[in-house]
Amino acid sequence: MNNDLLKYTIRIGDNCLILGQRMSMWCSNGPTLEEDIALSNISLDLFGQANSFYSYAQELNDKQSADDLAFQRNENEFLNFQLVELENNHFGHTIARNLLFDTFQFLFYQKLIESNNQMLSDIAAKSIKEVKYHLRHSSNWLIRLGDGTDESNKKVQESINEIWKYSGELFEIDAIDESMIKEGIGVDVSLIESEWNNMIGNIFTKAKIKKPENIQMVTGGKKGVHTNYLNPLLTEMQYIPRKYPDAKW
(Lines give C-alpha, C1' and ligand atoms only; values in the text may rest on other atoms or scores of the structure.)
Protein backbone atom coordinates (compact mmCIF):
# COMPACT_ATOMS: atom_id res chain seq x y z
CA MET A 1 0.00 0.00 0.00
CA ASN A 2 2.86 2.39 0.77
CA ASN A 3 4.14 2.15 -2.82
CA ASP A 4 0.65 2.90 -4.14
CA LEU A 5 0.38 5.86 -1.77
CA LEU A 6 3.75 7.13 -2.97
CA LYS A 7 2.76 6.98 -6.64
CA TYR A 8 -0.66 8.45 -5.88
CA THR A 9 0.93 11.39 -4.10
CA ILE A 10 3.55 11.94 -6.79
CA ARG A 11 1.10 12.08 -9.64
CA ILE A 12 -1.08 14.66 -7.90
CA GLY A 13 2.10 16.70 -7.49
CA ASP A 14 3.04 16.12 -11.12
CA ASN A 15 -0.22 17.68 -12.32
CA CYS A 16 0.52 20.78 -10.26
CA LEU A 17 4.16 21.04 -11.31
CA ILE A 18 3.63 20.63 -15.04
CA LEU A 19 0.70 23.05 -15.24
CA GLY A 20 2.65 25.43 -13.01
CA GLN A 21 5.56 25.34 -15.45
CA ARG A 22 3.19 25.95 -18.36
CA MET A 23 1.67 28.94 -16.58
CA SER A 24 5.11 30.35 -15.73
CA MET A 25 5.67 30.78 -19.46
CA TRP A 26 3.09 33.58 -19.41
CA CYS A 27 5.36 35.67 -17.18
CA SER A 28 6.08 38.91 -19.10
CA ASN A 29 3.84 37.64 -21.93
CA GLY A 30 0.38 38.30 -20.48
CA PRO A 31 -2.16 40.26 -22.56
CA THR A 32 -2.29 42.98 -19.87
CA LEU A 33 -0.16 43.81 -16.85
CA GLU A 34 -2.93 42.68 -14.50
CA GLU A 35 -3.29 39.35 -16.31
CA ASP A 36 0.47 38.90 -16.45
CA ILE A 37 0.53 39.06 -12.66
CA ALA A 38 -2.56 36.86 -12.30
CA LEU A 39 -1.16 34.12 -14.55
CA SER A 40 2.20 34.23 -12.79
CA ASN A 41 0.51 33.97 -9.38
CA ILE A 42 -1.45 30.93 -10.53
CA SER A 43 1.87 29.38 -11.53
CA LEU A 44 3.34 30.08 -8.09
CA ASP A 45 0.27 28.57 -6.39
CA LEU A 46 0.69 25.38 -8.40
CA PHE A 47 4.41 25.17 -7.67
CA GLY A 48 3.63 25.49 -3.97
CA GLN A 49 1.10 22.68 -4.16
CA ALA A 50 3.55 20.49 -6.09
CA ASN A 51 6.21 21.09 -3.45
CA SER A 52 3.79 20.05 -0.69
CA PHE A 53 2.94 16.76 -2.39
CA TYR A 54 6.58 16.06 -3.30
CA SER A 55 7.72 16.80 0.24
CA TYR A 56 5.22 14.27 1.53
CA ALA A 57 6.42 11.79 -1.11
CA GLN A 58 9.95 12.32 0.21
CA GLU A 59 8.74 11.33 3.68
CA LEU A 60 7.26 8.15 2.21
CA ASN A 61 10.45 7.31 0.32
CA ASP A 62 13.65 9.10 1.30
CA LYS A 63 15.46 7.92 -1.84
CA GLN A 64 14.24 10.98 -3.76
CA SER A 65 13.94 14.53 -2.48
CA ALA A 66 11.27 16.94 -3.66
CA ASP A 67 13.85 18.53 -5.95
CA ASP A 68 14.84 15.12 -7.33
CA LEU A 69 11.22 14.40 -8.18
CA ALA A 70 10.90 17.68 -10.02
CA PHE A 71 14.25 17.88 -11.78
CA GLN A 72 15.80 14.42 -12.03
CA ARG A 73 13.05 12.35 -13.62
CA ASN A 74 12.63 11.71 -17.33
CA GLU A 75 9.50 12.13 -19.41
CA ASN A 76 8.13 8.61 -18.95
CA GLU A 77 8.59 8.85 -15.17
CA PHE A 78 6.10 11.71 -14.90
CA LEU A 79 2.54 10.62 -14.14
CA ASN A 80 0.55 13.78 -14.86
CA PHE A 81 -2.53 14.09 -17.03
CA GLN A 82 -1.74 14.89 -20.65
CA LEU A 83 -4.17 17.81 -20.37
CA VAL A 84 -1.86 19.89 -18.16
CA GLU A 85 1.15 19.54 -20.48
CA LEU A 86 -0.60 20.99 -23.53
CA GLU A 87 0.95 24.17 -24.90
CA ASN A 88 -0.40 27.56 -23.88
CA ASN A 89 -0.97 28.69 -27.46
CA HIS A 90 -3.05 31.89 -27.34
CA PHE A 91 -4.61 33.32 -24.17
CA GLY A 92 -8.04 31.85 -24.85
CA HIS A 93 -6.50 28.42 -25.42
CA THR A 94 -4.80 28.59 -22.02
CA ILE A 95 -8.09 29.60 -20.39
CA ALA A 96 -9.93 26.69 -22.05
CA ARG A 97 -7.33 24.16 -20.93
CA ASN A 98 -7.19 25.53 -17.42
CA LEU A 99 -10.96 25.58 -17.02
CA LEU A 100 -11.23 21.84 -17.62
CA PHE A 101 -8.47 21.13 -15.11
CA ASP A 102 -9.42 23.81 -12.57
CA THR A 103 -12.95 22.46 -12.33
CA PHE A 104 -11.64 18.95 -11.82
CA GLN A 105 -9.01 20.00 -9.28
CA PHE A 106 -11.55 21.96 -7.25
CA LEU A 107 -13.89 18.95 -7.00
CA PHE A 108 -10.98 16.57 -6.45
CA TYR A 109 -9.54 18.59 -3.56
CA GLN A 110 -12.99 18.87 -1.98
CA LYS A 111 -13.08 15.08 -1.80
CA LEU A 112 -9.40 14.72 -0.88
CA ILE A 113 -10.02 16.82 2.23
CA GLU A 114 -12.14 13.87 3.43
CA SER A 115 -9.21 11.44 3.06
CA ASN A 116 -8.23 9.46 6.13
CA ASN A 117 -4.62 10.29 5.25
CA GLN A 118 -4.07 13.39 7.36
CA MET A 119 -1.22 14.76 5.25
CA LEU A 120 -3.11 14.58 1.94
CA SER A 121 -6.19 16.01 3.61
CA ASP A 122 -4.19 18.92 5.05
CA ILE A 123 -2.55 19.75 1.71
CA ALA A 124 -5.91 19.75 -0.04
CA ALA A 125 -7.49 21.91 2.67
CA LYS A 126 -4.65 24.40 2.45
CA SER A 127 -4.72 24.49 -1.35
CA ILE A 128 -8.44 24.67 -2.06
CA LYS A 129 -8.65 28.44 -1.52
CA GLU A 130 -6.08 28.87 -4.29
CA VAL A 131 -7.94 26.47 -6.55
CA LYS A 132 -11.20 28.36 -6.01
CA TYR A 133 -9.45 31.46 -7.33
CA HIS A 134 -8.01 29.54 -10.29
CA LEU A 135 -11.48 28.26 -11.18
CA ARG A 136 -13.06 31.69 -10.81
CA HIS A 137 -10.36 33.16 -13.04
CA SER A 138 -10.68 30.60 -15.84
CA SER A 139 -14.49 30.44 -15.76
CA ASN A 140 -14.92 34.23 -15.77
CA TRP A 141 -12.52 34.58 -18.66
CA LEU A 142 -14.09 31.78 -20.69
CA ILE A 143 -17.49 33.44 -20.32
CA ARG A 144 -16.00 36.81 -21.21
CA LEU A 145 -14.29 35.46 -24.32
CA GLY A 146 -17.09 33.14 -25.40
CA ASP A 147 -19.74 35.82 -24.99
CA GLY A 148 -17.49 38.49 -26.50
CA THR A 149 -16.85 39.05 -30.17
CA ASP A 150 -17.49 36.57 -32.95
CA GLU A 151 -13.74 36.14 -33.27
CA SER A 152 -13.12 35.47 -29.56
CA ASN A 153 -16.01 33.00 -29.45
CA LYS A 154 -14.70 31.20 -32.53
CA LYS A 155 -11.16 30.89 -31.15
CA VAL A 156 -12.28 29.61 -27.75
CA GLN A 157 -14.67 27.12 -29.34
CA GLU A 158 -11.86 25.81 -31.53
CA SER A 159 -9.66 25.42 -28.44
CA ILE A 160 -12.35 23.52 -26.54
CA ASN A 161 -12.88 21.26 -29.56
CA GLU A 162 -9.15 20.53 -29.70
CA ILE A 163 -8.60 20.04 -25.97
CA TRP A 164 -11.74 18.08 -25.08
CA LYS A 165 -10.25 14.69 -25.99
CA TYR A 166 -7.86 15.03 -23.05
CA SER A 167 -10.63 15.43 -20.47
CA GLY A 168 -11.59 11.74 -20.32
CA GLU A 169 -8.38 10.86 -18.49
CA LEU A 170 -9.46 12.98 -15.53
CA PHE A 171 -11.98 10.28 -14.61
CA GLU A 172 -9.97 7.19 -15.44
CA ILE A 173 -9.56 4.82 -12.49
CA ASP A 174 -6.60 2.44 -12.42
CA ALA A 175 -5.28 -0.12 -9.92
CA ILE A 176 -3.57 2.57 -7.80
CA ASP A 177 -6.80 4.56 -7.58
CA GLU A 178 -8.71 1.43 -6.60
CA SER A 179 -6.19 0.65 -3.87
CA MET A 180 -6.34 4.19 -2.47
CA ILE A 181 -10.14 4.30 -2.61
CA LYS A 182 -10.34 0.97 -0.79
CA GLU A 183 -8.07 2.33 1.96
CA GLY A 184 -10.19 5.47 2.33
CA ILE A 185 -7.24 7.57 1.17
CA GLY A 186 -7.91 8.39 -2.47
CA VAL A 187 -10.75 10.04 -4.35
CA ASP A 188 -13.27 8.03 -6.34
CA VAL A 189 -13.32 10.36 -9.34
CA SER A 190 -16.37 8.59 -10.77
CA LEU A 191 -18.34 10.34 -8.02
CA ILE A 192 -17.38 13.81 -9.23
CA GLU A 193 -17.67 13.27 -12.99
CA SER A 194 -21.35 14.21 -13.14
CA GLU A 195 -20.81 17.40 -11.13
CA TRP A 196 -17.81 18.28 -13.31
CA ASN A 197 -19.95 17.92 -16.42
CA ASN A 198 -22.71 20.03 -14.90
CA MET A 199 -20.32 22.79 -13.87
CA ILE A 200 -18.62 22.81 -17.26
CA GLY A 201 -22.00 22.74 -19.01
CA ASN A 202 -23.27 25.75 -17.04
CA ILE A 203 -20.15 27.75 -17.88
CA PHE A 204 -20.36 26.76 -21.55
CA THR A 205 -23.99 27.91 -21.68
CA LYS A 206 -23.06 31.34 -20.32
CA ALA A 207 -20.11 31.49 -22.71
CA LYS A 208 -22.20 30.38 -25.71
CA ILE A 209 -19.80 27.48 -26.21
CA LYS A 210 -20.95 24.07 -27.45
CA LYS A 211 -19.74 20.97 -25.64
CA PRO A 212 -17.98 18.63 -28.11
CA GLU A 213 -19.68 15.29 -28.73
CA ASN A 214 -18.56 11.85 -29.88
CA ILE A 215 -14.90 12.59 -29.20
CA GLN A 216 -12.38 9.76 -28.94
CA MET A 217 -10.65 10.30 -25.61
CA VAL A 218 -6.87 10.14 -25.15
CA THR A 219 -5.42 8.55 -22.02
CA GLY A 220 -2.10 7.28 -20.70
CA GLY A 221 -0.60 10.16 -18.73
CA LYS A 222 -0.89 8.33 -15.41
CA LYS A 223 1.10 5.48 -16.95
CA GLY A 224 3.89 7.73 -18.24
CA VAL A 225 2.55 8.09 -21.78
CA HIS A 226 2.69 11.70 -22.88
CA THR A 227 2.26 14.10 -25.78
CA ASN A 228 5.15 15.55 -27.75
CA TYR A 229 4.77 18.72 -25.67
CA LEU A 230 6.09 17.37 -22.38
CA ASN A 231 9.72 16.63 -23.24
CA PRO A 232 10.53 20.21 -24.42
CA LEU A 233 8.87 21.55 -21.27
CA LEU A 234 11.01 19.30 -19.06
CA THR A 235 14.16 20.14 -21.00
CA GLU A 236 13.66 23.83 -20.25
CA MET A 237 12.51 23.33 -16.66
CA GLN A 238 15.29 20.93 -15.71
CA TYR A 239 18.19 22.58 -17.57
CA ILE A 240 19.98 24.29 -14.67
CA PRO A 241 19.62 21.47 -12.08
CA ARG A 242 20.88 18.90 -14.59
CA LYS A 243 23.72 21.05 -15.93
CA TYR A 244 24.92 21.96 -12.43
CA PRO A 245 23.82 19.01 -10.26
CA ASP A 246 26.12 19.94 -7.37
CA ALA A 247 25.12 23.59 -7.22
CA LYS A 248 23.91 24.89 -3.86
CA TRP A 249 21.41 27.73 -3.72
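In this predicted model, a good place to begin is with the cysteine C16, whose sulfur lies 19 Å from the closest cysteine sulfur, the one in C27, which is too far for a bond. A disulfide is a covalent bond between the sulfur atoms of two cysteines. For a pair to be counted here, the two sulfur atoms must be within 2.5 Å, and seen from the other side, the sulfur of C27 likewise has its closest cysteine sulfur in C16, at 19 Å, and is therefore too far away for a bond. By this rule the count of disulfides comes to zero. The surroundings of these cysteines can also be described, for C16 is buried, with a relative accessible area of 0%, while C27 counts as partly exposed, at 43% relative accessibility.

From the cysteines we can turn to the interior, where the largest nonpolar core has 72 residues, and where F104, F108 and Y109 are those with the most contacts inside it. The largest share of this core, 12 residues, is supplied by helix α4, which covers residues 91-112. If we set aside residues up to four places away in sequence, F104 touches F81, L170, F171, V189, I192 and W196.

Another residue to look at in helix α4 is T103, which counts as buried because its relative accessibility is 0%, and buried means under 20%. Once its neighbours within four places in sequence are left aside, T103 is in contact with L135, W196, M199 and I200. W196 is thus named among the contacts of T103 and also among the residues that F104 touches.

Just before this helix along the chain comes a loop between α3, residues 66-71, and α4, and V84 has its place in that loop. Is V84 buried or exposed? With a relative accessible area of 1%, V84 is buried. Its contacts, leaving aside neighbours within four places in sequence, are N15, I18, L19, R22 and F101. V84 also shows how residues that are separated along the chain can be placed in space, since V84 and L230 are 146 residues apart in sequence and 9.3 Å apart from C-alpha to C-alpha.

Finally, we can move to the surface, where Y239, I240 and Y244 form a nonpolar patch that has about 310 Å² of accessible area together. One of these residues, Y244, is found in the segment after α10, the helix that spans residues 239-243, and Y244 is partly exposed, with a relative accessible area of 45%.

Methods. Residues numbered from 1 in each chain as written. Predicted model: local features only at pLDDT ≥ 70, side-chain atom pairs only at ≥ 80, totals over all residues. Heavy atoms only, no water. Buried < 20%, exposed > 50% of the residue type's maximum accessible area, 1.4 Å probe, protein only. Patch = residues over 30% accessible without salt bridge, like charges linked within 9 Å, V, L, I, M, F, W, Y side chains within 5 Å. Areas by Shrake-Rupley, 256 points an atom, 1.4 Å probe, with all protein chains shown as cover. Salt bridge = Lys/Arg side-chain N within 4 Å of Asp/Glu carboxyl O. Helix = DSSP H or I, 4+ residues; strand = E, 2+ residues; numbered from the N terminus. Core = buried A, V, L, I, M, F, W, Y, C linked by side-chain atoms within 4.5 Å. Contact = heavy atoms within 4.5 Å.
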